[in-house]
Amino acid sequence: MACRVQYSIHNSLRFLSSSSSSSLLTSLNSRKIRFKSSRYFSFSRGSLYCTCTAANTPKSEHPFVLTTPLYYVNAPPHMGSAYTTIAADAIARFQRLLGKKVIFITGTDEHGEKIASAAAANGSSPVEHCDSISQSYRALWRELDISYDKFIRTTSPDHEAIVKEFYSKVLANGDIYRADYEGLYCVNCEEYKDEKELLENNCCPVHLKPCAHRKEDNYFFALSKYQKQMEEILTENPDFVQPSYRLHEVQGWVKSGLRDFSISRASVDWGIPLPNDAKQTIYVWFDALLGYISALSEDEKQPNLQGAISSGWPASLHLIGKDILRFHAVYWPAMLISAGVSLPKKVFGHGFLTKDGLKMGKSLGNTLEPTDLVHRFGVDAVRYFFLKEVEFGNDGDYSEDRFINIVNANLANTIGNLLNRTLGLLRKNCQSTITVDSTIAAQGNALKDTVEKLVEKARQHYENLELSSACDAVLQIGNAGNVYIDEKAPWSLFKQGESGFETASKDLIIVLEAMRIVTIALSPITPSLSLKIYTQLGYSEDQFNSITWSETRWGGLKQGHITAEPKPVFSKIELETELNNTTDDTKKASKKKKQKTQKVVEA
């Protein structure tokens with residue numbers, strides 16, 4: 001579901017039998033939507049209910065449920081899916097720093113014709129194919145330091161049970177009907193296409209392959225029935241879809257008129273059978289979207305819809321690519337309303353990644369393999385670049401030169417070098433010991449005020465999903481620390497002996513306290529690097545794992561605390577051309593030395 005790039009076009013479908021559809025397509029009796037709070041939606045006449053135990057339940061008791069798309073297993077993971085998941089992980093880590101219980105859900109969408117075809121092409125069964133690709137996602141998430149809590153596979157029995165229960169609720173509500181339709185079908189997109197959007201010879205504009213004519217007898221969801229409700233949801237709750245320009249896109253789709261969509265396939269065996277018709281399988285929306293709920297039931301012996309819902313639904317945030325925004329912001333809410341289930345609080349649609357200004361594709365030979373990037377540059381570099389340099393929500397571009405320059409400047413120089421030289425001075429002159437509390441050292445100090453303002457800005461940016469701006473605020477702390485230490489020049493003060501020792505040691509403590517705060521504030525973005533810095537500052541891994549955002553307050557370094565031996569925490573990435581030049585220079589120097597030696601011997 002998550003990564004199936006689809007746009008459901010129903011102009012191409014010709015209904016041949018609609019004896020039961022006319023009553024379903026009439027407007028729903030006016031059920032005024034009201035938004036009692038940001039925590040849930042409610043209808044005055046009842047189908048949508050709140051899953052909270054009480055309206056006054058303390059906010060901290062409801063978990064922060066965050067989801068990535070469920071990635072389609074027709075092929076191994078790519079940088080696009082990695083980008084979504086890295087961003088989701090940063091958000092989850094920040095929420096945990098705030099002390100919230102987080103349920104971070106990711107997983108794989110494993111049903112459909114394209115999956116069966118991909119398996120057959122590889123000479124394997126659909127089950128074997130799904131097992132292999134799903135495992136490749138888990139392996140990549142380990143490489144990328146992804147701290148997910150739930151990994152749901154749509155082929156799991158628990159998921160199937162909840163899908164069937166949800167389907168039955170919508171059926172009982174009168175929102176599913178049977179009809180025949182025919183049209184031009186793209187197997188790769190797994191959807192029918194409008195002839196107006198096709199290229200010459202009825203070729204799909206996405207996959208450039210001819211679409212096949214099909215006629216099928218399927219079941220439909222009466223999306224058009226929820227036209228008014230969806231308009232009201234989007235008008236009365238403008239934060240439901242973010243960024244704001246994505247909301248405007250969704251409102252445009254809804255205002256153009258909602259059309260019913262197919263939710264089953266008669267010709268696809270690899271899927272969940274319909275509860276009311278075993279000859280058909282559930283298609284996409286009533287399967288994969290339910291993974292967000294079924295993931296919450298993983299710990300139950302007998303999973304059911306209400307049990308899953310009570311374990312954390314509604315989701316606090318669906319994080320998705322903009323290509324699947326329509327299905328999460330229009331189809332999914334209408335389905336939930338029909339089943340009487342609360343709506344998620346927010347849907348955030350981010351942009352696409354390009355490489356050197358071009359759309360990535362195998363045909364162009366310019367794909368980005370996330371595993372390759374991690375092995376070449378390290379996980380922290382990969383996470384930092386994509387979250388810092390791509391404004392979250394917009395499209396972003398990758399170029400290797402820019403990647404290396406940014407990472408070297410920000411992580412190796414601004415942060416890594418500042419830490420290393422400050423700890424080196426402390427070790428040389430103070431035996432790696434904090435000589436006075438950082439609070440006392442910074443009394444009346446302007447850098448302390450700067451750090452406090454910037455770390456608060458970072459918190460606000462994290463809260464607003466402005467990950468790039470959060471990185472920038474933290475980086476500014478590092479820049480301020482570098483300016484401070486260069487201006488104060490404590491190495492010169494130490495040379496003055498006892499008269500300059502107190503001032504110089506305080507300057508080091510002030511910079512190291514700023515670095516301690518940087519470590520915590522940057523940990524959602526670069527968890528491995530932050531752990532290295534924290535241990536350099538003299539703390540244990542257990543202490544790092546238990547930190548909270550409240551510890552970004554000034555005053556953590558105390559008198560008598562001993563820091564570790566300084567070692568580089570982030571090595572500068574060398575450009576291949578630089579390495580080649582260095583190698584060439586070394587060879588030339590070695591050759592000259594050899595020639596000189598030979599001349600001496602000859603003499």
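1. A residue is called buried here when its relative accessible area is under 20%, and in this predicted model that criterion is met on both faces of strand β14, with Leu317, Leu319 and Gly321 on one side and His318 and Ile320 on the other. Because five of the five residues of β14 (residues 317-321) are buried, the strand is largely enclosed by the rest of the structure.

2. The neighbours of β14 in the sheet can be named residue by residue. Strand β3 (residues 64-72) runs parallel to β14 and is joined to it by two bridges, with His318 of β14 as the bridge partner of Thr67. Strand β15 (residues 347-350) also pairs with β14 in the parallel sense, over four bridges, and here Val347 of β15 is the bridge partner of His318. The connection from β14 through helix α10 (residues 325-339) to β15 forms a right-handed β-α-β unit.

3. Helix α4 (residues 126-143) has the length that its residue count predicts: at 1.5 Å a residue its 18 residues should span 26 Å, and the end C-alpha atoms are 26 Å apart, which agrees. Asp145, which follows α4, has a positive phi, near 60°.

4. Which residues of α4 are buried? They are His129, Cys130, Ile133, Ser134, Tyr137, Leu140 and Trp141, and they cover an arc of only 120° around the axis, which puts them on the same side of α4. The spacing is readily understood, since an α-helix has 3.6 residues a turn, so residues three or four places apart point the same way. The buried residues of α4 pack against β3, α2 (79-97), β4 (102-109), α3 (113-121), β5 (150-153) and α11 (370-377); among these elements, β3 is also a parallel partner of β14.

5. As regards the nonpolar interior, the largest core has 109 residues, and Leu144, Phe386 and Phe403 are those with the most contacts inside it. Leaving out residues up to four places away in sequence, Phe403 touches Phe377, Ala381, Val382, Phe385, Tyr398 and Ile573. Apart from this core lies another, of 60 residues, which includes Ile103, Ile105, Val250 and Ile293. In soluble globular proteins, nonpolar side chains tend to be buried together.

6. A further point concerns an open sheet of three strands, whose order is β11-β13-β12 and whose pairing is antiparallel. Its edge strands, β11 (264-265) and β12 (273-274), each pair on one side only. Two bridges join β11 to the antiparallel strand β13 (residues 277-282), and Thr281 of β13 is the bridge partner of Arg265.

How values were computed: Residues are numbered from 1 along each chain as its sequence is written. This is a predicted model: local features need pLDDT of at least 70, side-chain atom pairs count only at pLDDT 80 or more; totals for chains, interfaces and linings use all residues. Side-chain values use heavy atoms; hydrogens and water are left out. Buried means under 20% relative accessible area, exposed over 50%, partly exposed in between (1.4 Å probe, protein chains only). Two strands pair if DSSP finds at least two bridges between them. A crossover is right-handed if, with the strands pointing away from the viewer, the path from the first strand over the helix to the second runs clockwise. The expected span of a helix is 1.5 Å times one less than its number of residues. The arc is that of the directions from the helix axis to the C-beta atoms. Contact means heavy atoms within 4.5 Å. A nonpolar core is a set of buried Ala, Val, Leu, Ile, Met, Phe, Trp, Tyr and Cys residues joined through side-chain atoms within 4.5 Å.
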